[in-house]
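I opened this notebook to keep track of what I looked up, one entry at a time. The entries go from empty space inside the protein to helices, loops and single residues.

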Amino acid sequence: MPDAQAEAPGLPDRARRRFGLISDIHANLHALRAVLDQIDRAGVDCIYCCGDVVGYGPFPNECCDILRDRAIPTLAGNHDYAALGLTTIEYFNEVAKRAVQWTRQQLRPDNAEFLRHLPLTLEEDDFLLVHASPVEPREWNYVLTLSDAREAFRRFSRPLCFIGHSHQPFIVRKKGGDLVPLERPSAVLEADCRYLVNVGSVGQPRDQNQQASYALYDRALRTVEIQRCSYDVAATQAAIRDCQLPLELGDRLAHGW
């Protein structure tokens with residue numbers, strides 16, 4: 001496990017009841033603003049970000065500024081580390097590499113320092129947050145199959161683990177030795193079960209749904225819900241063109257892949 005953990009501000013841990021979970025903003029300012037507005041209207045005690053604040057999108061500084069101004073506890077993602085040269089981009093595709101190189105040139109020094117000091121995990125009493133997987137968080141492993149999920153469950157002991165990274169939201173329930181991917185985007189949490197929840201992507205969904213994705217967790221009601229939020233996709237696409245980022249990055253936003 002990593003050396004540092006983020007700390008949530010405000011209310012003591014157990015006094016916080018309702019949480020917003022976001023991930024994979026990828027410098028999509030329009031999506032971030034829309035999601036935060038919707039979460040604020042839902043009434044939460046704390047918002048967490050599971051990483052990948054930057055990469056792909058045209059607004060890296062603006063997205064960092066919002067998280068910093070709102071003191072949102074934020075984890076490191078692989079694109080955040082890549083933008084600082086802290087992880088290899090050898091396995092990034094060419095579009096992702098170009099976006100990382102552009103982001104490096106755009107980041108202000110204060111936001112580079114913000115990203116540099118983000119932790120890899122965060123723990124509350126009843127949940128763990130990590131960007132990619134609780135299996136060696138620094139290696140950015142994907143959870144794409146039930147076999148991946150089973151290994152992830154072996155690496156955390158809390159009732160809940162929230163992740164991002166794949167940009168594909170899901171909820172997997174573990175009861176005894178059985179793993180079940182839930183068909184509905186919500187769950188009433190059973191006392192004898194544990195759950196792995198991918199909150200999806202704010203800024204670049206990849207589940208054939210162009211709407212931004214995030215999750216709400218209500219500790220008192222014992223519910224988790226994956227929510228969707230519309231935003232101005234065309235405005236983000238225009239900004240991508242204006243910044244001369246790869247056009248594929250704008251095209252994919254309209255299709256959610």
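**Entry on the cavity.** I began with the term I needed: a cavity is a set of grid points where a 1.4 Å probe fits but cannot get out, and its lining residues have an atom within 4 Å of a point. The model I am reading is predicted. I looked for cavities of 30 Å³ or more, and the count came to one. The volume of the largest cavity is about 50 Å³. Its lining is made by His-26, Asn-28, Tyr-56, Gly-57, Pro-58, Gly-203, Gln-204, Thr-236, Ile-240, Leu-249 and Leu-253. The elements that give two or more residues to this lining are α7 (233-242) and α8 (247-255). I then sorted the lining by character, and it divides into five nonpolar residues, six polar ones and no charged ones.

**Entry on His-26.** Since His-26 is one of the lining residues of the cavity, I looked it up on its own. His-26 sits in the loop between β1 (18-22) and α1 (29-42). Is His-26 buried or exposed? Its relative accessibility is 1%, and because buried means under 20%, His-26 counts as buried. I also noted its backbone, where phi is near 50 degrees, a positive value in a residue other than glycine.

**Entry on α1.** After that loop I followed the chain into α1, and checked its length against expectation. The 14 residues of α1 should span 20 Å at 1.5 Å a residue, and the end C-alpha atoms are 20 Å apart, which agrees. The buried residues of α1 are Leu-29, Ala-31, Leu-32, Ala-34, Val-35, Leu-36 and Ile-39. An α-helix has 3.6 residues a turn, so residues three or four places apart point the same way. What do the buried residues of α1 pack against? I found β1, β2 (46-49), α2, β10 (212-218) and β11 (223-229). Just after α1, Gly-43 takes a positive phi of about 75 degrees.

**Entry on α2 and Ala-71.** In α2 (60-69), the residues I found buried are Pro-60, Asn-61, Cys-63, Cys-64, Ile-66 and Leu-67. The cover over these buried residues includes β1, α1, β2, α4 and α5 (109-116). Beyond α2 I came to Ala-71, which lies in the loop leading to α3 (78-83). Phi of Ala-71 is near 50 degrees, again a positive value in a residue other than glycine. The relative accessible area of Ala-71 is 42%, so I put Ala-71 down as partly exposed.

**Entry on α4.** I made the length check for α4 (residues 94-106) as well: its 13 residues should span 18 Å at 1.5 Å a residue, and the end C-alpha atoms are 19 Å apart, which agrees. At the start of this helix, a side-chain oxygen of Asn-93 reaches to within 3.1 Å of the backbone nitrogen of Val-95. Val-95 is itself buried, as are Ala-96, Lys-97, Ala-99, Val-100, Trp-102 and Thr-103 of α4. What covers these buried residues includes α2, α3 and α8.

**Entry on the largest pocket.** I turned next from the closed cavity to the open pockets, and found about 330 Å³ of space in the largest pocket. Which residues lie nearest its centre? Of the 18 residues in the lining, they are Asn-78, Tyr-91, Phe-92, Trp-140 and Tyr-142. The lining divides into six nonpolar, eight polar and four charged residues.

**Entry on Ser-166.** Ser-166 is in the loop between β5 (160-163) and β6 (170-175), and with a relative accessible area of 5% it is buried. Not counting residues up to four places away in sequence, Ser-166 touches Tyr-142, Leu-144, Asn-198 and Arg-206. With Asn-198 I found a polar contact of 3.1 Å between the side chains.

**Entry on Val-143.** Last, I looked up Val-143, in the loop between β4 (127-130) and α6 (146-154), and its relative accessibility of 5% makes Val-143 buried. Leaving aside neighbours within four places in sequence, I listed its contacts as Ala-132, Ser-133, Asp-148, Ala-149, Ala-152, Ile-163, Phe-170 and Leu-196. I also took one distance across the model: Val-143 and Cys-63 are 80 residues apart along the chain, and their C-alpha atoms are separated by 26 Å.

Note on methods. Residues are numbered from 1 along each chain as its sequence is written. This is a predicted model: local features need pLDDT of at least 70, side-chain atom pairs count only at pLDDT 80 or more; totals for chains, interfaces and linings use all residues. Side-chain values use heavy atoms; hydrogens and water are left out. Helices (H or I, at least four residues) and strands (E, at least two) are DSSP runs, numbered from the N terminus. Buried means under 20% relative accessible area, exposed over 50%, partly exposed in between (1.4 Å probe, protein chains only). On a 1 Å grid over the protein atoms alone, a cavity is a set of points where a 1.4 Å probe fits but cannot get out, and a pocket is an open set with protein on both sides within 12 Å along at least five of seven lines; lining residues have an atom within 4 Å of a point. Grid points are joined across faces, edges and corners, and a volume is the space filled by probe spheres set on the points. Ala, Val, Leu, Ile, Met, Phe, Trp, Tyr, Cys and Pro count as nonpolar, Asp, Glu, Lys and Arg as charged, and the others, Gly among them, as polar. The expected span of a helix is 1.5 Å times one less than its number of residues. Contact means heavy atoms within 4.5 Å. A polar contact is a pair of N or O atoms within 3.5 Å; within protein, one must be able to donate a hydrogen and the other to accept it, and residues adjacent in sequence count only if both atoms are side-chain atoms.
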